[in-house]
Amino acid sequence: MAGMAETSSSILNPLHVGRGVAQRLARWRDAGAPKYHTGPAWAAVMGLQLLRAMHKNLAYGARRAVVDSEIEPAVSAMVRDGVVLIPDFLPAEQFAAVRAEFDAMAASGRFSRSWPEHVDVAEDYCAVKPKKASAISQHLVRNPFLTAVASAVTRRAIRIDPRVSARAWRRMSGRQRANLTGAAYIHADIHYPTCKAWLYLNDIDEGNGAFIFCKGSQKMTPARLAYEYEASIRVARNRHSSSNNGLLRKPTERQISAMKLRETSMCGKANTLLIANTQGFHRMGEFSDERPREKIYICFREVESAQNRRAPKAR
């Protein structure tokens, strides 16, 4: 009975209710980067995702980027196409040090294996601690050029470290339980400008799964807003009957035509840096031969989080 009395008083006491709401809002505020296509079906029908997309992109348009002459060509390509390839990114000795660290990780058994989607491709993955002294941290995480481009693309100060990992994808039979992320289907990561980068550790082309991007698709056009609205309803109504939101988000042929999506394989030699605004549509490429796709992955998604906005300017 005491427990019932306590519960009843909490429900009836406006102060307790207010505190509970405030705590929930604080947890939401302090969470990571904003989520994509979340919420109940009724909210999606009422236009919740439209409000999210318009709010984020209007706020982005109101911010200004600092673009100096060194990064201007890369930033201009990102504004126009949403993606840029930079060959021979690191000096030879720096690239050799990064490559050697990758090989040491692989040899030490630190990689974990997953099977993305329903394709015979295995992904070997090892997280990299950005604050730990390493060639990857020194030459990539702390790279002033990459940090400046990511800051200009997102129009945010980069105050916290990005998420970094060493990854190798390769064609391999005997697929086990698939990790359903939607990577194999054409998709967008989020509804606001964001930034990811990959340093190619070997030559990558259409034969070994080159990243595929639809140039120009990062722009929030009326056709993209229509997609956001329709996809959010589709995800909300089918979330509990499907384990793959990536497949639910896959644009229909009508939407692909309306948004004028055209796929381009982002091929490059070893030591090429790929930077992409993954508000644009993209997917993993196919593997037609046995060569792996080896890279260092750097994700700046968390720059949109409250944690980044409140952090001191330490980077």
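User: What makes Trp198, Phe211, Phe213 and Tyr297 one aromatic cluster?

Analyst: In this predicted model, Trp198, Phe211, Phe213 and Tyr297 form one aromatic cluster, and the structure holds six aromatic pairs. Rings of Phe, Tyr and Trp (its six-membered ring) pair if their centres lie within 6.5 Å. Trp198 and Phe211 meet that limit with 4.7 Å from centre to centre, and Trp198 and Tyr297 meet it with 5.8 Å.

User: Why is the pair of Trp198 and Tyr297 called tilted?

Analyst: Planes under 30 degrees apart count as stacked, over 60 as edge-to-face and the rest as tilted. The planes of Trp198 and Tyr297 stand at 50 degrees, so the pair is tilted. For Trp198 and Phe211 the angle is 40 degrees, and that pair is tilted as well.

User: Which parts of the chain do these two pairs link?

Analyst: Helices (H or I, at least four residues) and strands (E, at least two) are DSSP runs, numbered from the N terminus. Trp198 belongs to strand E5 (residues 196–200), whereas Phe211 lies in the loop between E5 and strand E6 (212–214), 13 residues apart. Tyr297 lies in strand E10 (residues 293–299), so its pair with Trp198 ties together parts that are 99 residues apart in sequence. Residues are numbered from 1 along each chain as its sequence is written; in this predicted model local features need pLDDT of at least 70, side-chain atom pairs count only at pLDDT 80 or more, and totals for chains, interfaces and linings use all residues. Side-chain values use heavy atoms, with hydrogens and water left out.

User: How do you know whether Trp198, Phe211 and Tyr297 are buried or exposed?

Analyst: Buried means under 20% relative accessible area, exposed over 50%, and partly exposed in between (1.4 Å probe, protein chains only). Trp198 has 6% relative accessibility and therefore counts as buried; Phe211, with 5%, is buried, and so is Tyr297, with 8%.

User: What makes Lys56 a charge over the ring of Tyr192?

Analyst: A charge sits over a ring if NZ of Lys or CZ of Arg is within 6 Å of the ring centre and within 35 degrees of the ring normal. The charged end of Lys56 sits over the ring of Tyr192 at 5.5 Å from its centre, and Arg293 lies over the face of Trp169 at 5.2 Å from the ring centre.

User: How do you know which residues make the contact of H5 with H8, and of what class they are?

Analyst: Contact means heavy atoms within 4.5 Å, and the contact is made by Ala74, Val75 and Met78 of H5 and Phe145, Val149, Ala152 and Val153 of H8. Ala, Val, Leu, Ile, Met, Phe, Trp, Tyr, Cys and Pro count as nonpolar, Asp, Glu, Lys and Arg as charged, and the others, Gly among them, as polar. By that division the contact has seven nonpolar, no polar and no charged residues.

User: What is notable about phi of Asp88, and why is Asp88 called exposed?

Analyst: Most residues other than glycine have a negative phi. Phi of Asp88 is near 50 degrees, a positive value in a residue other than glycine. Asp88 is found in the loop between strand E1 (83–86) and helix H6 (92–107), and its relative accessibility of 63% is why Asp88 counts as exposed. Arg155 also has a positive phi, near 55 degrees, but Arg155 is partly exposed, with a relative accessible area of 26%.
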